[in-house]
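Trainee: I am new to this structure and would like a close look at one part of it. Please pick a loop with something unusual in its backbone, and then show me what lies around it.

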Amino acid sequence: MGKLRLLFAKEGRAVYISHLDLLRTFQRVFLRQGLVLRHSQGFHPHPILSFALPLPVGQSSVCELLDFEVTEELDGKDLPEKLNRFMPEGIRARDCYIPVWPVRELAGLRCQVELLYDGGVPDGAAEQVGALFAKESVVIQKRTKRKAMADVDIRPMLQSLTLAEEPGLLRLEAVVSAQNPGLNPALLAAAVGVYLPELAPDFVQARRLELLDAGGGVFR
(Lines give C-alpha, C1' and ligand atoms only; values in the text may rest on other atoms or scores of the structure.)
Protein backbone atom coordinates (compact mmCIF):
# COMPACT_ATOMS: atom_id res chain seq x y z
CA MET A 1 0.00 0.00 0.00
CA GLY A 2 1.12 3.56 -0.64
CA LYS A 3 0.16 6.97 0.74
CA LEU A 4 -0.16 9.83 -1.72
CA ARG A 5 -0.88 13.55 -1.51
CA LEU A 6 -2.87 15.37 -4.20
CA LEU A 7 -2.39 19.10 -4.78
CA PHE A 8 -5.47 20.64 -6.37
CA ALA A 9 -7.22 23.93 -7.09
CA LYS A 10 -10.81 24.80 -6.22
CA GLU A 11 -12.05 27.87 -8.08
CA GLY A 12 -14.99 29.37 -9.95
CA ARG A 13 -18.39 27.87 -9.18
CA ALA A 14 -16.69 25.02 -7.31
CA VAL A 15 -16.05 27.33 -4.33
CA TYR A 16 -19.67 26.71 -3.31
CA ILE A 17 -19.21 22.94 -3.03
CA SER A 18 -19.32 21.98 0.65
CA HIS A 19 -16.63 19.95 2.38
CA LEU A 20 -18.74 16.78 2.46
CA ASP A 21 -19.76 17.14 -1.19
CA LEU A 22 -16.11 17.68 -2.12
CA LEU A 23 -15.24 14.44 -0.33
CA ARG A 24 -17.94 12.60 -2.29
CA THR A 25 -16.71 14.21 -5.51
CA PHE A 26 -13.21 12.81 -5.05
CA GLN A 27 -14.56 9.40 -4.14
CA ARG A 28 -16.45 9.31 -7.43
CA VAL A 29 -13.51 10.67 -9.43
CA PHE A 30 -11.15 8.05 -7.99
CA LEU A 31 -13.71 5.34 -8.72
CA ARG A 32 -14.14 6.44 -12.34
CA GLN A 33 -10.37 6.45 -12.79
CA GLY A 34 -10.24 2.89 -11.46
CA LEU A 35 -8.06 3.79 -8.51
CA VAL A 36 -8.45 1.30 -5.67
CA LEU A 37 -8.31 3.10 -2.33
CA ARG A 38 -7.50 1.61 1.04
CA HIS A 39 -10.59 1.44 3.28
CA SER A 40 -11.08 1.71 7.02
CA GLN A 41 -11.79 -1.38 9.10
CA GLY A 42 -15.00 -2.17 10.98
CA PHE A 43 -18.70 -2.58 10.21
CA HIS A 44 -18.90 0.43 7.89
CA PRO A 45 -15.63 0.64 5.92
CA HIS A 46 -15.06 3.82 3.93
CA PRO A 47 -12.21 5.15 1.75
CA ILE A 48 -9.41 6.77 3.73
CA LEU A 49 -9.33 10.38 2.50
CA SER A 50 -8.13 13.40 4.48
CA PHE A 51 -7.99 17.09 3.53
CA ALA A 52 -5.04 18.89 5.08
CA LEU A 53 -6.95 22.09 5.89
CA PRO A 54 -10.63 22.09 4.85
CA LEU A 55 -11.45 25.18 2.80
CA PRO A 56 -14.40 27.35 3.96
CA VAL A 57 -17.28 27.46 1.48
CA GLY A 58 -17.08 30.51 -0.77
CA GLN A 59 -13.28 30.78 -0.72
CA SER A 60 -11.03 29.77 -3.61
CA SER A 61 -7.63 28.09 -3.52
CA VAL A 62 -4.82 26.85 -5.75
CA CYS A 63 -3.07 24.89 -2.99
CA GLU A 64 -5.50 22.39 -1.46
CA LEU A 65 -4.07 19.07 -0.27
CA LEU A 66 -5.79 15.70 -0.10
CA ASP A 67 -4.09 12.67 1.46
CA PHE A 68 -5.23 9.20 0.44
CA GLU A 69 -3.95 5.64 0.41
CA VAL A 70 -4.00 3.18 -2.48
CA THR A 71 -3.71 -0.59 -2.46
CA GLU A 72 -0.73 -0.60 -4.84
CA GLU A 73 2.61 1.17 -4.93
CA LEU A 74 2.34 4.36 -7.04
CA ASP A 75 4.41 7.54 -7.28
CA GLY A 76 1.37 9.51 -8.46
CA LYS A 77 3.15 11.48 -11.19
CA ASP A 78 0.65 10.71 -13.94
CA LEU A 79 -2.48 10.84 -11.78
CA PRO A 80 -3.36 14.58 -12.14
CA GLU A 81 -3.81 14.35 -15.90
CA LYS A 82 -5.90 11.21 -15.57
CA LEU A 83 -8.07 12.56 -12.75
CA ASN A 84 -8.74 15.87 -14.49
CA ARG A 85 -10.69 14.05 -17.20
CA PHE A 86 -13.39 13.37 -14.62
CA MET A 87 -13.20 16.52 -12.46
CA PRO A 88 -16.17 18.91 -12.31
CA GLU A 89 -15.77 22.50 -13.43
CA GLY A 90 -13.54 24.50 -11.08
CA ILE A 91 -11.62 21.59 -9.54
CA ARG A 92 -8.26 20.78 -11.08
CA ALA A 93 -5.54 18.39 -9.91
CA ARG A 94 -2.13 20.09 -10.13
CA ASP A 95 0.30 17.52 -8.74
CA CYS A 96 0.44 14.19 -6.90
CA TYR A 97 3.36 12.85 -4.90
CA ILE A 98 4.45 10.93 -1.83
CA PRO A 99 4.00 13.26 1.19
CA VAL A 100 7.12 14.99 2.47
CA TRP A 101 5.79 16.29 5.81
CA PRO A 102 2.94 15.18 8.10
CA VAL A 103 -0.03 17.58 8.21
CA ARG A 104 0.81 18.53 11.81
CA GLU A 105 3.87 20.37 10.39
CA LEU A 106 1.63 22.68 8.35
CA ALA A 107 2.21 26.08 9.97
CA GLY A 108 1.30 28.96 7.69
CA LEU A 109 -0.98 30.06 4.90
CA ARG A 110 -0.22 32.69 2.27
CA CYS A 111 -3.48 34.20 1.14
CA GLN A 112 -5.16 37.06 -0.66
CA VAL A 113 -8.23 38.95 0.53
CA GLU A 114 -9.91 41.45 -1.77
CA LEU A 115 -12.20 44.14 -0.37
CA LEU A 116 -14.48 45.22 -3.22
CA TYR A 117 -16.30 48.57 -3.30
CA ASP A 118 -19.08 49.32 -5.76
CA GLY A 119 -18.47 53.06 -5.52
CA GLY A 120 -14.67 52.89 -5.57
CA VAL A 121 -12.16 52.50 -2.76
CA PRO A 122 -12.69 55.20 -0.08
CA ASP A 123 -9.91 57.78 0.25
CA GLY A 124 -7.19 56.73 2.65
CA ALA A 125 -8.50 53.19 2.99
CA ALA A 126 -5.11 51.48 2.53
CA GLU A 127 -3.49 53.65 5.19
CA GLN A 128 -6.29 53.09 7.70
CA VAL A 129 -6.41 49.32 7.15
CA GLY A 130 -2.63 49.12 7.43
CA ALA A 131 -2.73 51.06 10.71
CA LEU A 132 -5.46 48.75 12.05
CA PHE A 133 -3.39 45.61 11.57
CA ALA A 134 -0.25 47.30 12.87
CA LYS A 135 -1.87 47.38 16.32
CA GLU A 136 -0.74 44.89 18.95
CA SER A 137 -4.26 43.56 19.38
CA VAL A 138 -7.27 43.22 17.03
CA VAL A 139 -10.12 41.50 18.87
CA ILE A 140 -13.26 40.39 17.03
CA GLN A 141 -16.06 37.95 17.73
CA LYS A 142 -15.73 34.52 16.14
CA ARG A 143 -18.12 31.58 16.16
CA THR A 144 -16.66 28.57 17.99
CA LYS A 145 -17.09 24.90 17.14
CA ARG A 146 -19.95 24.82 19.62
CA LYS A 147 -21.70 27.60 17.64
CA ALA A 148 -21.23 30.14 20.44
CA MET A 149 -19.64 33.55 19.90
CA ALA A 150 -16.31 34.32 21.56
CA ASP A 151 -13.82 37.19 21.52
CA VAL A 152 -10.64 36.27 19.65
CA ASP A 153 -7.49 38.34 19.15
CA ILE A 154 -6.54 37.68 15.52
CA ARG A 155 -3.45 39.90 15.52
CA PRO A 156 -1.02 37.23 16.85
CA MET A 157 -2.12 34.95 13.99
CA LEU A 158 -1.26 37.56 11.35
CA GLN A 159 2.41 37.09 10.41
CA SER A 160 2.73 39.60 7.57
CA LEU A 161 0.55 41.92 5.51
CA THR A 162 0.91 44.07 2.40
CA LEU A 163 -1.79 46.18 0.76
CA ALA A 164 -2.37 47.25 -2.83
CA GLU A 165 -5.14 49.46 -4.19
CA GLU A 166 -6.71 48.96 -7.61
CA PRO A 167 -9.85 50.44 -9.16
CA GLY A 168 -12.76 49.27 -7.06
CA LEU A 169 -10.79 47.06 -4.68
CA LEU A 170 -8.26 46.94 -1.89
CA ARG A 171 -6.13 43.79 -1.96
CA LEU A 172 -4.60 42.34 1.19
CA GLU A 173 -1.73 39.86 0.73
CA ALA A 174 -1.10 38.11 4.02
CA VAL A 175 0.62 35.21 5.72
CA VAL A 176 -1.48 33.85 8.59
CA SER A 177 -1.24 30.94 11.00
CA ALA A 178 -2.71 27.77 9.51
CA GLN A 179 -3.64 25.83 12.63
CA ASN A 180 -3.36 25.53 16.44
CA PRO A 181 -4.86 28.13 16.21
CA GLY A 182 -5.48 29.06 12.61
CA LEU A 183 -6.87 32.25 11.10
CA ASN A 184 -9.58 32.24 8.46
CA PRO A 185 -8.43 34.98 6.02
CA ALA A 186 -12.02 36.24 5.72
CA LEU A 187 -11.76 37.41 9.34
CA LEU A 188 -9.38 40.15 8.18
CA ALA A 189 -12.28 41.66 6.24
CA ALA A 190 -14.54 41.13 9.25
CA ALA A 191 -12.11 43.11 11.40
CA VAL A 192 -12.19 45.99 8.94
CA GLY A 193 -15.99 46.03 9.20
CA VAL A 194 -15.84 46.09 13.01
CA TYR A 195 -13.08 48.66 13.56
CA LEU A 196 -13.54 50.75 10.41
CA PRO A 197 -17.25 50.50 9.56
CA GLU A 198 -16.95 53.35 7.07
CA LEU A 199 -14.57 51.11 5.09
CA ALA A 200 -16.75 47.97 5.22
CA PRO A 201 -16.58 46.46 1.70
CA ASP A 202 -19.59 45.61 -0.43
CA PHE A 203 -18.13 42.20 -1.19
CA VAL A 204 -15.17 40.09 -0.07
CA GLN A 205 -13.14 37.50 -1.96
CA ALA A 206 -10.64 35.26 -0.12
CA ARG A 207 -8.13 33.05 -1.88
CA ARG A 208 -5.43 30.65 -0.68
CA LEU A 209 -2.17 30.92 -2.57
CA GLU A 210 0.28 28.62 -0.75
CA LEU A 211 0.61 26.41 2.32
CA LEU A 212 3.79 26.94 4.34
CA ASP A 213 5.94 25.05 6.80
CA ALA A 214 7.32 26.52 10.03
CA GLY A 215 10.33 27.99 8.20
CA GLY A 216 8.20 29.76 5.61
CA GLY A 217 8.94 27.25 2.85
CA VAL A 218 6.31 25.61 0.66
CA PHE A 219 4.61 22.80 2.54
CA ARG A 220 4.55 19.52 0.64
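Mentor: Let us begin with a term: helices (H or I, at least four residues) and strands (E, at least two) are DSSP runs, numbered from the N terminus. Keep in mind that this is a predicted model.

With that naming, go to the loop between E9 and H4, where you will find Asn180. Strand E9 covers 169–177 and helix H4 covers 186–195, and Pro181 is found in the loop between them too. The bond between Asn180 and Pro181 is a cis peptide bond, with omega at about -10°. Asn180 has a second feature: its phi is positive, near 60°, although the residue is not glycine. Most residues other than glycine have a negative phi, and most peptide bonds are trans, so both features go against the usual pattern. As for its surroundings, Asn180 has a relative accessible area of 72%, and because the cut-off for exposed is over 50%, Asn180 counts as exposed.

Now follow the chain into H4. Here Leu187, Leu188, Ala189, Ala191 and Val192 are buried. The buried residues of H4 pack against several elements: helix H3 (125–133) and the strands E5 (108–116), E6 (139–143), E8 (158–166), E9 and E10 (203–212).

Two of those neighbours deserve a stop. In strand E5 you will see Gln112. Gln112 has a relative accessibility of 15%, and because buried means under 20%, Gln112 counts as buried. The side chain of Gln112 makes a polar contact of 2.8 Å with the side chain of Glu173. Leaving aside residues up to four places away in sequence, Gln112 touches Arg171, Leu172 and Glu173, and also Gln205, Ala206, Arg207 and Leu209.

The other stop is E6. This strand pairs with strand E7 (residues 149–153) in the antiparallel sense, over five bridges. One place to see the pairing is Arg143, whose bridge partner in E7 is Met149. E6 and E7 form a hairpin with five residues between them, and in the turn Lys147 has a positive phi of about 75°. So we end on a positive phi again, as at Asn180, and the general rule is worth recalling: most residues other than glycine have a negative phi.

To retrace the route, start at the cis bond between Asn180 and Pro181, move to the buried residues of H4, and then look across to E5 and E6, which are among the elements they pack against.

Note on methods: Residues numbered from 1 in each chain as written. Predicted model: local features only at pLDDT ≥ 70, side-chain atom pairs only at ≥ 80, totals over all residues. Heavy atoms only, no water. Buried < 20%, exposed > 50% of the residue type's maximum accessible area, 1.4 Å probe, protein only. Contact = heavy atoms within 4.5 Å. Polar contact = N/O pair within 3.5 Å; in protein donor to acceptor, adjacent residues only side chain to side chain. Pairing = 2+ DSSP bridges.
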